[in-house]
Amino acid sequence: MCIRDSFYSIFVTIIWPSIALIVDTKYLGTAYGLTTAVQNSGMALFPLIVGYLHDTFIDDGKAGYFWVSIFLIVMAIFGFLFTVLLLFFEIKSDGPLEKVQKITIDEEEPIKSVSLQES
């Protein structure tokens, strides 16, 4: 379960912030809406799938949780692979996710003179 949750945490922390960097500003609301719709669809369907797997394989002596865990681990690995694939294409195309921003702060007036520079 810890491995599954680790994959999910990595997937979520990379995908959501990436949307604002990849999608044009005028389509940003639609992109977040579609992402939310897909995520909510998954949250509606996965409990049904988990219940089906649990009830179907409850007779194998492991109370059905073995195949539920396998299913969730496979989904987490799929999300992680999707993240790696996104990063691969990002590096290959020199897209906005790979651009690092440097923050410079003037020591005398740190609040008023913060500037972002692409490197």
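**Group meeting: helix α2 and its aromatic neighbours**

Gly-51 is partly exposed, with a relative accessible area of 27%. I begin with this residue as a way into the structure, which is a predicted model. Gly-51 sits in helix α2. In sequence, Gly-51 and Val-68 are 17 residues apart, while in space their C-alpha atoms are 8.3 Å apart.

Allow me to step back to the chain. Its secondary structure consists of three helices and two strands, and from the N terminus the order of these elements is α-α-α-β-β. The chain has 119 residues, of which 13% are buried. Its accessible surface is about 9100 Å², and carbon and sulfur atoms account for 69% of that surface. If we take the contacts between residues at least 6 apart in sequence, 31% of them link residues at least 24 apart.

I return now to helix α2, which covers residues 28–56. Does its length agree with what one should expect of 29 residues, or disagree? At 1.5 Å a residue, the helix should span 42 Å, and its end C-alpha atoms lie 41 Å apart, so the two values agree. The helix does bend, by about 25° at Leu-45, and a proline, Pro-47, follows within four residues. As for burial, Ala-31, Leu-53 and His-54 are buried residues of α2.

The next topic is the aromatic side chains. How many aromatic pairs does a search of the whole structure find? The search finds three, and I shall describe two of them, beginning with Phe-46 and Phe-71. The ring centres of Phe-46 and Phe-71 are 5.3 Å apart and the ring planes stand at 55°; the pair is tilted because that angle is neither under 30 degrees nor over 60. Phe-46 belongs to helix α2 and Phe-71 to helix α3, residues 65–93, so this pair ties together parts that are 25 residues apart in sequence. Are the two partners buried or exposed to some degree? Phe-46 is partly exposed, at a relative accessible area of 30%, whereas Phe-71, at 16%, is buried.

The other pair I wish to show is formed by Phe-66 and Trp-67. Here the ring centres are 5.0 Å apart and the planes are at 80°, so the pair is edge-to-face. Phe-66 is partly exposed, with a relative accessible area of 34%, and Trp-67 is also partly exposed, with 36%.

To close, I would ask you to keep in mind the pair of Phe-46 and Phe-71, which ties α2 to α3.

Technical notes:
Residues numbered from 1 in each chain as written. Predicted model: local features only at pLDDT ≥ 70, side-chain atom pairs only at ≥ 80, totals over all residues. Heavy atoms only, no water. Expected span 1.5 Å × (residues − 1). Bend = angle between axes of the 7 residues up to and from the residue. Buried < 20%, exposed > 50% of the residue type's maximum accessible area, 1.4 Å probe, protein only. Phe/Tyr/Trp six-rings, centres within 6.5 Å; stacked < 30°, edge-to-face > 60°. Contact = heavy atoms within 4.5 Å. Areas by Shrake-Rupley, 256 points an atom, 1.4 Å probe, with all protein chains shown as cover.
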